[in-house]
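Grab a pencil and work through these exercises with the model open beside you. Each task comes with a solution that goes step by step.

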Amino acid sequence: LLTGGLGGRSAKLPPSLSNKNCVLNVNNWDAMCFRYAVVAWVLDRNHPTNPQRPTAYYSNTTGGRPPKGFVPKCTDVGIDFRMLSYPVHTQDLEPFEETNDLGVYVFMWKESTLKDKGFAMQIRRPAQVFHRDVVLLLHQNHYMFAKNFNAFIKLEPFGHRNNTRTCHRCMYSLQDELHLNKHLLKGLCLNDHDECIEPPKTSEV
């Protein structure tokens, strides 16, 4: 754990982040943004209609305006949220990770002194590597799913143009997608030594 944070209601993204089109910002008005963000991650490949609306993640709505007194039921995606209380604090995520074998990596967005420019910073990572990972942004106390991590972490607006890939676990930079996948498969990213870093072969230099 690097620092703490508390999830709550919807937040407006700064242009430096919204222009990247790399996070899914669910416009909820309750304190369930962590759950929406995780469910959005699970359902991302299904391309839900209007994914920015919380109703996209309800199992008991017809898509129209909910009636008065409507009590939403979130779609069951095989994730156990029962141990959580809302709003969710990053310091309370370990039981959730262990129950679901799911590592939660949380980032913040920091604005630069340059106009309409900013960058992502990792503020929370698990104590160990799990079978699955979800990358979330915590901005203005609101959790969002980082749907395109490469675009999210890229510093191209600052003049850093390259084709490297960054590991969302340890933030180590690798030369391409193939090397990133090999790196992740090792599962050694969070160790306190350099086992996960392998020097390139002569043919790769």
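**Exercise 1.** In this predicted model, work out how covered β2 is and which strands it pairs with.

*Solution.* Start with burial: 7 of the 10 residues of β2 are buried, so this strand counts as mostly covered, given that buried means under 20% relative accessible area. Next, look at the neighbours. β2 and β4 run parallel and are joined by 6 bridges. To find your place in that pairing, look for V106, which stands opposite L136 in β4. Then turn to β3, which pairs with β2 in the antiparallel sense, also over 6 bridges. Here E111 stands opposite G118 in β3. Finally, check how the chain gets from β2 to β3: the two strands form a hairpin with 6 residues between them. In that turn, D116 has a positive phi of about 55°.

**Exercise 2.** Put the strands of the open sheet in order and pick out its edges.

*Solution.* A quick reminder helps here: strands of a sheet pair through backbone hydrogen bonds, either parallel or antiparallel. This sheet has 5 strands in the order β1-β5-β4-β2-β3, and its pairing is mixed. The edges are β1 and β3 (118–124), each of which pairs on one side only. Now step to β4 and β5, which pair in the antiparallel sense over 4 bridges. A handy landmark is L136, whose bridge partner in β5 is F145. Last, see what lies on the sheet: α2 packs there and touches β1, β2, β4 and β5. The direction of α2 makes about 10° with that of β5.

**Exercise 3.** Find out how much of helix α2 is buried, and what covers it.

*Solution.* Helix α2 spans residues 33–43, and 9 of its 11 residues are buried, which makes it mostly covered. Tick them off on the model: C33, F34, Y36, A37, V38, V39, A40, W41 and L43. Then look outward from those residues. Their cover includes β1 (23–24), α3 (94–100), β2 (102–111), β4 (132–139) and β5 (142–146).

**Exercise 4.** Which residues touch the most other members of the largest nonpolar core, and which element supplies its largest share?

*Solution.* The largest nonpolar core has 30 residues, and F34, V38, F96 and Y143 touch the most other members. Now ask where the core comes from. α2, β2, β4 and β5 each supply at least two of its residues. The largest share comes from α2, with 9 residues. There's a second, separate core too: it has 20 residues, including V23, C167, L180 and L190.

**Exercise 5.** Decide whether N100 is buried or exposed, then list what it touches.

*Solution.* First, locate N100: its place is in helix α3. Its relative accessibility is 7%, and the cut-off for buried is under 20%, so N100 counts as buried. Next, follow the side chain of N100, which reaches the backbone nitrogen of D80 at 2.8 Å. Leaving aside residues up to four places away in sequence, N100 touches G78, I79, D80 and R132.

**Exercise 6.** Sort the two sides of helix α5, then inspect what happens at its ends.

*Solution.* The buried residues of α5 (residues 177–186) are H179, L180 and H183. They cover an arc of only 105° around the axis, so they sit on the same side of α5. On the other side of α5, you'll find L178 and L185 exposed. What do the buried residues of α5 pack against? They pack against β6 (165–166) and β7 (173–174). Now for the ends. D176 caps the N-terminal end of α5, with a side-chain oxygen 3.3 Å from the backbone nitrogen of L178. Just after α5, G187 takes a positive phi of about 65°.

**Exercise 7.** Step back and describe the whole chain.

*Solution.* Count the elements first: there are 5 helices and 7 strands. Along the sequence, they follow the pattern α-β-α-α-β-β-β-β-α-β-β-α. Then consider burial: 39% of the 205 residues in the chain are buried. Finally, look at contacts with a separation of 6 or more: 58% of them are between residues 24 or more positions apart.

Notes:
Residues numbered from 1 in each chain as written. Predicted model: local features only at pLDDT ≥ 70, side-chain atom pairs only at ≥ 80, totals over all residues. Heavy atoms only, no water. Buried < 20%, exposed > 50% of the residue type's maximum accessible area, 1.4 Å probe, protein only. Arc of directions from axis to C-beta. Contact = heavy atoms within 4.5 Å. Polar contact = N/O pair within 3.5 Å; in protein donor to acceptor, adjacent residues only side chain to side chain. Pairing = 2+ DSSP bridges. Axes fitted to C-alpha atoms, helices over the stretch in contact; angles between N-to-C directions. Core = buried A, V, L, I, M, F, W, Y, C linked by side-chain atoms within 4.5 Å.
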